[in-house]
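Me: I would like to learn how to read helix packing, sheets and burial in a structure. Could you walk me through it with an example?

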Amino acid sequence: MTAPIAILGGGLAGLTAARVLRTAGVPFTLFEATATLGGLASSHRDAGGFSDDVGVHFVTNRLAAAIGASAQCYRVPRYGESVWLGDRSVAYPFGLIGTPRYAASAARTIAARAIRRAPIRSAADWFSARYGNAIAREIALPLIEAWSGLPAERLALSVGEQMPGSIVRSLALKAAGSVLDRAIASGYCGSLPESPHVFHVYPYDGVATFCHRLAEGLEDAVRYETPVQQIHVENDRVVGIRAGDCEIEASAVISTAPIEILASLVRGTNALERYRRFRHRPMVFVNLRLQGRNLLPDVVVWTPLPGSPIFRLTEGPLAMPTLAPEGKTTITVDIGAQIGDEYWTMSDEALAEVALEHVAPLVPDARARFLGVRTVRTPIAYPVLDIEYEADRLALEGGLPVDGLYTVGRNGEFRNILMEDVYWRTRRRMQAVIARYRDSQVLEGNVPPQPIDAAVL
Amino acid sequence: MSQGDAFSATEHAKPVIASSQALHLEQTLCSICQIDDAEPVAVGEDFEYRTSADSFLAVRCRRCGLVYLDPRPSTSDFETIYPPTYHANNFDAKHFGWVYRVRRELEKRRLRAWLTSVAEDAAIVDVGCGDGFHLDVLRAAGFQNVRGIDASERAVARARDAGLDVTHALAENDPFEPQSIDVALIIQTIEHVVAPRDFLASVQRMLRPGGLAFIVTDNTSSADRTFFAGRHWGGYHFPRHLTLFNHRTLAALSERAGFRVRSLRTMASPVNWTYSVRNLLVDYGAPAAIYEAFSLRSVPALAAFTLLDSAMVSIGRGALLHAVLERL
């Protein structure tokens, strides 16, 4: 008999995989290292009526509908991004283009490229070629350096992948959003076309709602507090795992772990060695509780400051009013960190001080408004797209070189993808898992082979 | 999960739709391929009846192109999503006046044209007959041996009140003797059923060899869908149309159920055009006075869209598919 498939991790990717397998009738066990499901898609609500996700999450009506959780969501009233230029903020991206110095620089770059095409090797080249040297040097590169912890010359040009595509399309969607009175999603799902029909919604109880909904009916297959310690491979094929100090047979493994962790779990092959050098960027999210609301000029404000690891401010309650009690707000300050560095080890009070100081130019009376702080540290916030291992990273798209071993989710795929992409990409990847399982059932004589005419095309 | 007990939604946080209940949504498979490898094509709401607070997703199978609702309401939700005011329960002269009379006349001609080769005493079943509109038309057209079945008790009661021979049953429960029926009409029914493949197979069982099945259903390759595919297309009829077809998928399903496709064409209907425009207006907050101009009671809209869709039929892109199947 075919042993159940082991799913590692009960976050969005793991639960999406579990849901697809359950619908297809494929047996599995989901191993979750902690006592709760959700992973990076968890939510926390405190007694004061404030609520935080792990960083501020934005989700769409399409994802909510796909998961069957749309009735637990409300429409987000507004969404927008600005860039803080030291003395004023301008709307992203059009305000930047409307600034004469940046427009002139962009025009010069485009003209120069028309004459002589310099090779684009790194993210630094990519942003300069696309937006002009001024925007790149003063805005884009400080942001991606703080976000990744690497100099832009060492970052792969696929960092640009996550930027919204065409400016004309973004403009059209923005215009449609203001006419239709909905916060149309742009740049939140690369797997599917953008459309005025896809807009931001948010669950009353935080993004954890999505994982809870996905987990409904799967409880029998979840093993909590059971970290997977090893994955056994024989002849380049998965044969089992060690989890919760027990050896367990497994016909396949679907991992949502960071790829470098997955590589360290595998025994019996060296095929994953090259992924051990991949790194994730740890982040410290400082959630400042403040009196008042509408304190920032936009929901998201990028604060490029060369050399500073603080790069983004988000006033979540502008978009998701349920995140804070009425008349109060949260500004989330994103700090790129290294495990053990000064920000990682700083006390909450000291982090609040750092964050308040950073916010002060935008919100001069932030200290007077300060009510408290809640910090969230995660060692695996974003994959670092180091140029040094970019070729290996791109090869991951074709799957792992071990039969029966699959890697999904943002950390598993090692791509900068957001929740909706994680959902659709994981679903697609499960097709191969299901096909492999069905083949094994045919081989064992449990089911007849599929008739040739199974596909209509 | 309780909805925001400790978080009272502030004035900005308006629920997508206030106060209605959520449905019991279930994940499903493509009913042709029996797999779930689909991409989303539309996200919408129950713009017509507002029976729940949910948004719904229409997806398209990557293998065969079938469009279906996923996740979809469970059968326990059917009482909710087919409210007592549902139009198929009340399509009569009292509620629809002139529109009813014109449609009745048109349908009578249509059925006569379809059934020219069918004897007047042939055993005809309308599968999913609703309140019996087509049975009544058949009777008026001279056919005597006509019966209907429907899953809605409410619709069956209304049909019986009109003196029609209607049974509260699902085709899948084999309510008729095998091979006892000459003709089955499946008019705007197959898109509502939970398992279209089993459904069609059960119709196949009730028909005698050589018997005919006439299917009418919304066409996902229609001209009207082109303009409204992402959200407002009337054919989605969120969340009541569970499976939607084009030429290819309807032919594929029919052949798998033991039929030979005699003909498969499109036919004109103003209904999806009308509802597409109405859904758009409702979604974008237009005043009722404006969107009420697009309903099954609005003669100008129905007339104009009938003309438009007739032109679309000439290029094979009409609003409805019409299949004539022969039982093997």
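Reply: Happily; what follows is a short tour of this predicted model, one feature at a time.

Me: Let's begin with sheets. Which strands form the open sheet in chain A, and in what order?

Reply: The general idea is that strands of a sheet pair through backbone hydrogen bonds, either parallel or antiparallel. Here, seven strands of chain A form an open sheet with mixed pairing, in the order S8-S7-S17-S18-S19-S16-S20. Strand S8 (89-91) and strand S20 (370-383) of chain A stand at the edges with a single partner strand each, so each has one side without a neighbour in the sheet. On average, neighbouring strands of this sheet are turned by 25 degrees against each other, direction ignored.

Me: How many bridges join S7(A) to S8(A)?

Reply: Three bridges link strand S7 (residues 81-84) of chain A with S8(A), and the pairing is antiparallel. To find the register, look for Trp84(A), which stands opposite Ser89(A) in S8(A).

Me: Moving along the sheet, is S18(A) buried or exposed?

Reply: Burial is judged by relative accessible area, with under 20% counting as buried. Five of the five residues of strand S18 (residues 310-314) of chain A are buried, so the rest of the structure largely encloses this strand. Its pairings are worth tracing too. Strand S17 (residues 300-302) of chain A runs antiparallel to S18(A) and is joined to it by three bridges, with Val301(A) opposite Leu313(A). Strand S19 (residues 328-336) of chain A is also antiparallel to S18(A), through four bridges, and there Ile310(A) stands opposite Ile335(A).

Me: Which helices lie across these strands?

Reply: One of them is H6(A), which lies across S7, S16 (280-291), S17, S18, S19 and S20 of chain A and runs at about 105 degrees to S16(A). Another is helix H12 (residues 348-359) of chain A, which lies across S16, S18, S19 and S20 of chain A, at about 75 degrees to S16(A).

Me: What angle do H5(A) and H6(A) make where they cross?

Reply: Two packed helices are described by the angle between their axes and the distance between the axes. In this case, helix H5 (residues 123-131) and helix H6 (residues 133-148) of chain A cross at roughly 140 degrees, and their axes come within 8 Å. H5(A) and H6(A) are therefore oblique to each other, and the crossing is right-handed. On the H5(A) side, the contact residues are Ala123(A), Ala124(A), Phe127(A), Ser128(A) and Tyr131(A); on the H6(A) side, they are Asn133(A), Ile135(A), Ala136(A), Ala140(A), Leu141(A) and Ile144(A). By class, this contact of H5(A) with H6(A) has nine nonpolar residues, two polar and no charged.

Me: Can we try another helix pair, this time in chain B? Which residues of H5(B) and H7(B) meet?

Reply: Start with the geometry: helix H5 (residues 196-206) and helix H7 (residues 247-256) of chain B pack at an angle of about 55 degrees, with axes 9 Å apart. That makes H5(B) oblique to H7(B). The crossing of this pair, H5(B) and H7(B), is right-handed. Pro196(B), Arg197(B) and Leu200(B) of H5(B) meet Leu253(B), Ser254(B) and Arg256(B) of H7(B). The contact of H5(B) with H7(B) divides into three nonpolar, one polar and two charged residues.

Me: Back in chain A, how should I read the hairpins? Which residue in the turn between S11(A) and S12(A) has a positive phi?

Reply: Check the pairing, then the turn. Strand S11 (residues 228-234) and strand S12 (residues 237-243) of chain A pair antiparallel over six bridges, with Ile241(A) as the bridge partner of Ile231(A). Two residues separate the strands of this hairpin, and in its turn Asn235(A) has a positive phi of about 50 degrees. S12(A) is also joined to strand S13 (residues 246-249) of chain A, in the antiparallel sense, by four bridges. Gly240(A) has Glu249(A) as its bridge partner in S13(A). The hairpin of S12(A) and S13(A) has two residues between the strands, and Gly244(A) takes a positive phi near 55 degrees.

Me: One last feature: why is H8(A) described as largely enclosed?

Reply: Seven of the eight residues of helix H8 (residues 208-215) of chain A are buried, so the rest of the structure largely encloses this helix. Among the buried residues are Phe210(A), Arg213(A) and Leu214(A). After H8(A) comes Gly217(A), with a positive phi near 85 degrees.

Definitions and conventions
Residues numbered from 1 in each chain as written. Chains lettered and ligands numbered in written order. Predicted model: local features only at pLDDT ≥ 70, side-chain atom pairs only at ≥ 80, totals over all residues. Heavy atoms only, no water. Axes fitted to C-alpha atoms, helices over the stretch in contact; angles between N-to-C directions. Parallel < 35°, antiparallel > 145°, perpendicular 65-115°, else oblique. Left-handed = near helix turned anticlockwise from the far one by under 90°. Contact = heavy atoms within 4.5 Å. Nonpolar A, V, L, I, M, F, W, Y, C, P; charged D, E, K, R; others polar. Buried < 20%, exposed > 50% of the residue type's maximum accessible area, 1.4 Å probe, protein only. Pairing = 2+ DSSP bridges.
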